[in-house]
Amino acid sequence: MSALFNFQSLLLVILLLICTATYAHQVIPAIMNRNRHGILGIFWKAARIGERLSPYVSICCIIMAFSLFTQ
């Protein structure tokens, strides 16, 4: 089943996108800041979410890890 049709998989993909974009923004901020608009702006917005809500994102990652572990 595709990740778009399974809600838990969709949440996992979104969390991984946020974590990856935040890490990439810490490593190479110039590239991320240049592409604020357009389709690549999604990564910039995900990086902002990861930076500002990092405690909540990390708690969600831990919860998702335990929920995947129990399956």
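The dialogue below goes through a predicted model, feature by feature.

Visitor: Where do I start: how many helices and strands does the chain have?

Guide: Begin with the secondary structure and its order. This chain has four helices and zero strands. Read along the sequence, the pattern is α-α-α-α.

Visitor: What are the dimensions of the chain?

Guide: A box along the principal axes gives an outline. Here the C-alpha atoms fill roughly 40 × 25 × 15 Å. The chain has 71 residues, and 18% of them count as buried. Its accessible surface comes to about 5500 Å², with 73% of that belonging to carbon and sulfur atoms.

Visitor: What share of the contacts join residues at least 24 apart in sequence?

Guide: Take the contacts between residues at least 6 apart in sequence; 58% of these join residues at least 24 apart.

Visitor: Which residues make up the largest nonpolar core?

Guide: The general idea first: in soluble globular proteins, nonpolar side chains tend to be buried together. In this model the largest nonpolar core has eight residues, namely L15, I18, A21, M32, A46, A47, V57 and M64. At least two residues come from each of α1 (7–27), α3 (41–52) and α4 (54–69). The largest share is from α1, which supplies three residues.

Visitor: Take A21 as one case. Is A21 buried or exposed?

Guide: Compare its relative accessible area with the cut-off, which for buried is under 20%. A21 has 4%, so A21 is buried. A21 lies in helix α1. Leaving aside neighbours within four places in sequence, A21 touches M32, F43, A46 and A47. Three of these names are worth finding again in the core: M32, A46 and A47.

Visitor: How far apart are A21 and L53 in sequence and in space?

Guide: These are two separate readings. Along the sequence A21 and L53 are 32 residues apart, and in space their C-alpha atoms are 13 Å apart.

Visitor: F43 was on the contact list of A21. Where is F43, and how exposed is F43?

Guide: F43 is in helix α3. Its relative accessibility is 35%, so F43 counts as partly exposed. F43 also belongs to a nonpolar patch on the surface, together with L17, I39, L40 and I42. The patch has about 450 Å² of accessible area.

Visitor: What does H25 touch?

Guide: H25 has its place in helix α1. Apart from residues up to four places away in sequence, H25 touches M32, N33, A47, R48 and E51. Among these, M32 and A47 are also contacts of A21. With a relative accessible area of 10%, H25 is buried.

Visitor: How many disulfides are there?

Guide: A disulfide is a covalent bond between the sulfur atoms of two cysteines. To look for one, check the distance between the sulfur atoms. The count here comes to zero.

Visitor: Why is C19 not bonded to C61?

Guide: The cut-off for a disulfide is 2.5 Å between the sulfur atoms. The sulfur of C19 is 3.6 Å from that of C61, its closest cysteine sulfur, and so too far for a bond. Seen from the other end, C61 is in no disulfide, and its nearest cysteine sulfur is that of C19.

Visitor: How exposed are C19 and C61?

Guide: C19 is partly exposed at 33% relative accessibility. C61, with a relative accessible area of 27%, is partly exposed too.

Conventions. Residues numbered from 1 in each chain as written. Predicted model: local features only at pLDDT ≥ 70, side-chain atom pairs only at ≥ 80, totals over all residues. Heavy atoms only, no water. Core = buried A, V, L, I, M, F, W, Y, C linked by side-chain atoms within 4.5 Å. Buried < 20%, exposed > 50% of the residue type's maximum accessible area, 1.4 Å probe, protein only. Contact = heavy atoms within 4.5 Å. Areas by Shrake-Rupley, 256 points an atom, 1.4 Å probe, with all protein chains shown as cover. Patch = residues over 30% accessible without salt bridge, like charges linked within 9 Å, V, L, I, M, F, W, Y side chains within 5 Å. Salt bridge = Lys/Arg side-chain N within 4 Å of Asp/Glu carboxyl O.
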